[in-house]
Amino acid sequence: MKYKFIIILMIAIWVMLINRLYDISIKSNFYYERLAKENIEQKSNIKPTRGEIYDRNGKVLASNTIGFSLSLRPHIKRNSIEFNKTIELIGRSFKDIDVELLKKVYKKKSSAYNHKYITVIDFIPYYDMINVYPELSIDKNIKVEAATKRVYPYGRYTAHIVGYIGKANKKEVAKDKVVKEVGKVGKAGLEKYYNKVLQGELGYRIVKVNAYNKELEELEFKPPKGNRDITLSVDVDLQQFIFDTLEDKAAVVIVMKTSGELLAAVSTPSYDPNLFVDGISHKDWKKIQSNLEHPFTNKLVHALYPPGSTIKMGVALATAKEAGDFILKHEFCRGFIRIGKSKHKFRCWSHWGHGDVDLRKSIRESCDVFYYNKALHIGIDKLSKDLNLIGLGVRTGVDLPKEYRGVIPNKKWKRKRYHQSWYKGETVIAAIGQGYTNVSVMQIARYTAFLATGYLVTPHFATLIDGKPYEEKSQKIPFNNTIFSIIRNGMYDVANSRRGTAYRALHNLPITVAGKTGTAQVTSISQDVKKRIKEEDLEYFKRSHAWLTTYAPFKNPKYVVTVLVEHGGHGGSTAGPIAAKIYRWMYQKGYFGKQPIPYLLKELY
């Protein structure tokens, strides 16, 4: 037993010795060989040039201006004469440079483990550098490299589409090695949505160096993959025209092909994205934040509004789907309805009522009572389901980041959100796009294209992504064609019949337009108010939002124009003239395939 133990012990010792021998002779050899290789080989990443963004006519919406970056050699003693001379040279060369800040940047990035040059100035314009370059290049502590800076030539006109890039935070750096190297990342708009494409891929260079870190030869080179450009469907001239037409109004306007291509998308007020490229100042940020009209909010997809009467065509389609010919049943409007024995009046916008109303008239004159009764018949759950089906209360899929979903309420939603039961009165107000109902303007534009064609498309800005065409997506949603025809005729009447709610603004255009107005209340009206107060007599933030969504030409729909003016009052009188100006501009520019006529030019300019 004693000998057996000794043998086992000897075997264990031999195993330990063999392991140790392996560590010393083989494993450590690999380690020191790799360490030695690192001492003679250096790998440096090469930054790609960020792709540019163009409009449909080749005009640059996001570009790179050429300049230089300035870096300092690592391990310079910070209080030495050598360091101070280098800093003084930089200070003399660039009068606007804060040398004390420069010292802090160097100190923060300097480390005994860092053997790479430390960038202290990210960008110096070409003309500022060109005269001082000879003197700077002589200083062995300074390294001057080519650099680019993002520029947005159209500034506030395209801010909510293009977005901007800014300095990357720790989380963004940790997730992406390209972002870590370039230090900038898309923060909003298309710059963020297509950041992976636009930023490109890193290249690298491996060189052999000696003990003094002097380069001896290049061992390997891989060029970066940059300049991955994106071309948009946007017409920036149309974008500017709409922006300037809105003047000081807080509004959202979308012009879209019925295929989903977005020609213009304006959210006002706006901001200058160039302020964010190098980090916005506290003063500028405070100015943006204190504006009650929220210029920083991308209202195309990040603002939700009650759709008002623009929802009525959707309610009609839902009723036809769920209750067949009941949608064709006439309703008598006397200005209000009551539910059961309740004395509460659910009013029509017309104090006197509309009398006998059929489906076409209900759209033309926007009768609320007609839709109250239809929605009550099918119930909120079926109504909600069918409105979701045609694009309301769901994301459109547009190529902008973090699109909001909105709300088309139902019983389950209210129970989950408020822990309360659903009431029939809430169905009534949902039928005219009020109450809990909230949608984005992008959703209304998409829904309007569906009403015009029967296809639910995906709105998009990009048409070419790094040379590859954008794949358009559309879905045929089957509904009763007869009902569709009546709805479209009702929308035709809105713009072309004397009793239509947008007749005054839209009937006298060179192309035939169909549409629907909407007035979305932001404050409730007390039951003891017998007659609605005029919108212009209300305080600004208590006025209703003004909607108008349209398509044209009526018989061959090609374009959708959707307008929302915040606190604008009535859709026909406020949003109507804006839509009319847009159609005239588009006609004059050849969008409808005809030449301009003289009287239109006078109205345009």
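# A guided tour, starting at histidine 419

Select histidine 419 to begin: with a relative accessible area of 70%, this residue is exposed. It sits in the loop that runs between helix 17 (411–418) and helix 18 (424–430), and its phi is near 55 degrees, a positive value in a residue other than glycine. Keep in mind throughout that the model on the screen is predicted, with a chain average of 89 for pLDDT and 89% of the residues scoring at least 70.

**Helix 16 and its surroundings**

Now select residues 380–389, which form helix 16. Which residues of helix 16 are buried? They are Ile380, Leu383, Ser384, Asp386 and Leu387, and if you display the neighbouring elements you will find that these buried residues pack against helix 13, helix 15 (368–378), helix 17 and helix 18. Step past the end of the helix to glycine 391, which follows helix 16 and whose phi is positive, near 100 degrees.

**Two salt bridges between helix 13 and helix 16**

Add lysine 321 and aspartate 386 to the selection and show their side chains, which meet in a salt bridge at 3.5 Å, N to O. Because lysine 321 lies in helix 13 (residues 312–323) and aspartate 386 in helix 16, the pair ties together parts that are 65 residues apart in sequence. What is the relative accessibility of aspartate 386? At 1%, aspartate 386 counts as buried, whereas lysine 321, with a relative accessible area of 41%, is partly exposed.

Next, pick glutamate 322 and lysine 385, whose side chains meet in a salt bridge of 3.0 Å, again taken from N to O. This pair, too, links distant parts of the chain, with glutamate 322 in helix 13 and lysine 385 in helix 16, 63 residues apart. Glutamate 322 counts as partly exposed at 24% relative accessibility, and lysine 385 is also partly exposed, with a relative accessible area of 43%.

**A network of charged side chains**

To see salt bridges joined into a network, select Arg360, Arg364, Glu365, Asp493 and Arg499, which are linked in this way. For the model as a whole, the count comes to 30 salt bridges.

**The three-stranded sheet**

Move to the open sheet of three strands, whose order is 1-8-9 and whose pairing is antiparallel. Why is one side of strand 1 and of strand 9 left without a neighbour in the sheet? Strand 1 (41–46) and strand 9 (215–222) stand at the edges, and each has a single partner strand, so one side of each has no neighbour there. Looking from one strand to the next, the twist averages 25 degrees.

Within this sheet, highlight strand 8 (residues 203–209) together with strand 9: the two run antiparallel and are joined by six bridges. For a single example, select arginine 205, whose bridge partner in strand 9 is phenylalanine 221.

**A salt bridge between two loops**

From there, select arginine 228 and glutamate 201, whose side chains meet in a salt bridge at 3.2 Å, N to O. The pair links distant parts of the chain, 27 residues apart: arginine 228 is in the loop between strand 9 and strand 10 (230–232), while glutamate 201 is in the loop between helix 10 (195–199) and strand 8. Is arginine 228 buried or exposed? With a relative accessible area of 17%, arginine 228 is buried, whereas glutamate 201, at 33% relative accessibility, counts as partly exposed.

**Backbone details in the loops**

Two cis peptide bonds deserve a stop. Center the view on the bond from threonine 268 to proline 269, which is cis with omega near -5 degrees; proline 269 is found in the loop between strand 12 (262–268) and helix 12 (282–289). Then go to the bond from alanine 552 to proline 553, which is cis with omega near -10 degrees, proline 553 being found in the loop between strand 22 (545–552) and strand 23 (559–565).

Select aspartate 466 as well, since the backbone is again the point of interest: its phi is near 50 degrees, a positive value in a residue other than glycine. Aspartate 466 lies in the loop between strand 18 (462–465) and strand 19 (468–469) and is partly exposed, with a relative accessible area of 34%.

**A last stop, to be read with caution**

Finally, select residues 596–605, over which pLDDT stays under 50 and for which the model has 18 contacts beyond four places in sequence. Where pLDDT is low, the predicted coordinates should not be read in detail.

Technical notes. Residues are numbered from 1 along each chain as its sequence is written. This is a predicted model: local features need pLDDT of at least 70, side-chain atom pairs count only at pLDDT 80 or more; totals for chains, interfaces and linings use all residues. Side-chain values use heavy atoms; hydrogens and water are left out. Two strands pair if DSSP finds at least two bridges between them. Helices (H or I, at least four residues) and strands (E, at least two) are DSSP runs, numbered from the N terminus. Axes are lines fitted to C-alpha atoms, for helices over the stretch in contact, and angles run from 0 to 180 degrees between N-to-C directions. pLDDT is the predictor's confidence in each residue, from 0 to 100. Contact means heavy atoms within 4.5 Å. A salt bridge is a side-chain nitrogen of Lys or Arg within 4 Å of a carboxyl oxygen of Asp or Glu. Buried means under 20% relative accessible area, exposed over 50%, partly exposed in between (1.4 Å probe, protein chains only).
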